[in-house]
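Okay, thanks for coming, everyone. I've got one model to walk you through today, so let me put it up on the screen.

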Amino acid sequence: MKNNLKLVLLIIAIASPCRAYEDRFDTPTSNWQRASLLDLGAADWSISGGTLNFTTYGSLNSEDQVHIKYQTPFSNSQDWSFKIGMNNSSTAQLQVFVGNSNFTDFFGVTLKGYDDGSKIWGAEFPGHQYWVPPTGITATASQQGSIKVDYSASTGVYSLFYTNGGIDPISNTYSWTLLNSYTTPERGNVNLYVGLNISYTSEVVTPSKAYVDNFTSVPEPSALSLFSIGLSGLAILRRRRP
């Protein structure tokens, strides 16, 4: 009995919700897969050269896009946070967002480039588009930067932060600036997506122009389920004690 109890406690310790997940995209992984519902037209993706890259090809139109889904969802029944580096030297929209299964609720950011070389960060969520004044809130961006999204289970609030210039939030402690926040009604699971939207540009995007790198999340999305298993096992052992 004591050995079993130690095993359960070890499981709980290993699966603690404080554990972080990190991906530097050094090698291809099954953790990221194409999101078919958000896959339209002449755009593609790959993991190579230590980054997750996006490309376009052929004849482009304003509906072309490709988005990649992280295969393990976040649970909005607990707090979570993620950070990721972004690079966009194109005029397309490099996007990172979370959303529920039918996309009726979502929250995220667009790193958008323009023909004059300027770039902006823009938050997007239901009823709020960054390009529509006066509610559209944007901030000046550089070609490279990082974003952080925090979720509070007690309030249901997503908060989006950004920093310009650095794309390695795993190794560095950046100074973050709040861009926008949104109270979500979603209390179930939400998926994480990264992708490229080609709206309003005919530019051919090569892998070196648009990519993300250095993704980290706390807790690791799968940690809560392991933690629950550990707690269940502990409860069973306690009930069996003479």
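Let's start with a polar contact, the one between the side chains of Asn53 and Thr51, at 2.5 Å. Before I go on, keep in mind that this is a predicted model. Asn53 sits in strand S4, which covers residues 51-56. So is Asn53 buried or exposed? Relative accessibility there is 3%, so Asn53 counts as buried. And what does Asn53 touch, if you leave out residues up to four places away in sequence? You get Asp44, Trp45, Ser46, Ile47 and Ser48, and then Pro207, Ala210 and Tyr211.

Asp44 is on that list, and Asp44 has a partner of its own. Asp44 makes a salt bridge with Arg34, with the closest N and O atoms 2.6 Å apart. Asp44 is in strand S3, residues 43-48, and Arg34 is in strand S2, so to speak ten residues apart along the chain. Both ends are partly exposed: Asp44 has 28% relative accessibility, and Arg34 has a relative accessible area of 33%.

While we're on charges, how many salt bridges does the count come to? Four. As a reminder, side chains of opposite charge can pair when their charged atoms come close. Another one of the four salt bridges joins Asp168 and Arg24, at 3.3 Å from N to O. This pair spans 144 residues in sequence: Asp168 is in the loop between S13 and S14, and Arg24 is in the loop between strand S1 (21-23) and strand S2 (32-34). Here the two ends fall into separate classes. Asp168, at 17% relative accessibility, counts as buried, while Arg24 is partly exposed at 30%. Then there's Lys209 with Glu203, a salt bridge at 2.8 Å, N to O. Lys209 is partly exposed, with a relative accessible area of 24%.

Two other lysines lie over rings. Lys112 is over the face of Tyr114, 5.3 Å from the ring centre. Lys148 is over the face of Phe161, and there the figure is 4.4 Å from the ring centre.

That gets us to the aromatics. The count comes to 22 aromatic pairs, and I'll show you a couple. Phe107 and Tyr158 are stacked, with 5.3 Å centre to centre and 15 degrees between the planes. Which parts of the chain does this pair tie together? Phe107 is in strand S9, residues 106-113, and Tyr158 is in strand S13, residues 157-164, so the pair ties together parts that are 51 residues apart in sequence. Phe107 and Tyr158 are both buried.

The next pair is Phe125 and Tyr182, also stacked, with 4.9 Å centre to centre and 20 degrees between the planes. This one links distant parts of the chain, 57 residues apart: Phe125 is in the loop between strand S10 (119-124) and strand S11 (138-140), and Tyr182 is in strand S14, residues 177-183. Again, Phe125 is buried and so is Tyr182.

Now some backbone geometry to look at. Most residues other than glycine have a negative phi, and most peptide bonds are trans. Here are some exceptions. Val218 and Pro219 are joined by a cis peptide bond, with omega at about -5 degrees. Pro219 falls in the loop between strand S16 (210-218) and helix H2 (223-240). In strand S16 itself you'll find Asn214, which has a positive phi of about 55 degrees although it's not a glycine. Asn214 counts as buried, at 6% relative accessibility. Phe103 has a positive phi too, near 60 degrees. Phe103 is in the loop between strand S8 (93-99) and S9, and at 24% relative accessibility it counts as partly exposed.

Let me zoom out to the whole protein. There are two helices and 16 strands. Of the 242 residues, 49% are buried. The exposed area is about 11,400 Å², and carbon and sulfur atoms supply 53% of it. Then the contacts: take those between residues at least 6 apart in sequence, and 65% of them join residues at least 24 apart. The Asp168 and Arg24 salt bridge, at 144 residues apart, is one link between distant parts of the chain. Okay, that's my tour, and I'm happy to take questions.

Technical notes: Residues are numbered from 1 along each chain as its sequence is written. This is a predicted model: local features need pLDDT of at least 70, side-chain atom pairs count only at pLDDT 80 or more; totals for chains, interfaces and linings use all residues. Side-chain values use heavy atoms; hydrogens and water are left out. Helices (H or I, at least four residues) and strands (E, at least two) are DSSP runs, numbered from the N terminus. Buried means under 20% relative accessible area, exposed over 50%, partly exposed in between (1.4 Å probe, protein chains only). Contact means heavy atoms within 4.5 Å. Accessible areas come from the Shrake-Rupley method with a 1.4 Å probe; for residues, only the protein chains shown count as cover. Rings of Phe, Tyr and Trp (its six-membered ring) pair if their centres lie within 6.5 Å; planes under 30 degrees apart count as stacked, over 60 as edge-to-face and the rest as tilted. A charge sits over a ring if NZ of Lys or CZ of Arg is within 6 Å of the ring centre and within 35 degrees of the ring normal. A polar contact is a pair of N or O atoms within 3.5 Å; within protein, one must be able to donate a hydrogen and the other to accept it, and residues adjacent in sequence count only if both atoms are side-chain atoms. A salt bridge is a side-chain nitrogen of Lys or Arg within 4 Å of a carboxyl oxygen of Asp or Glu.
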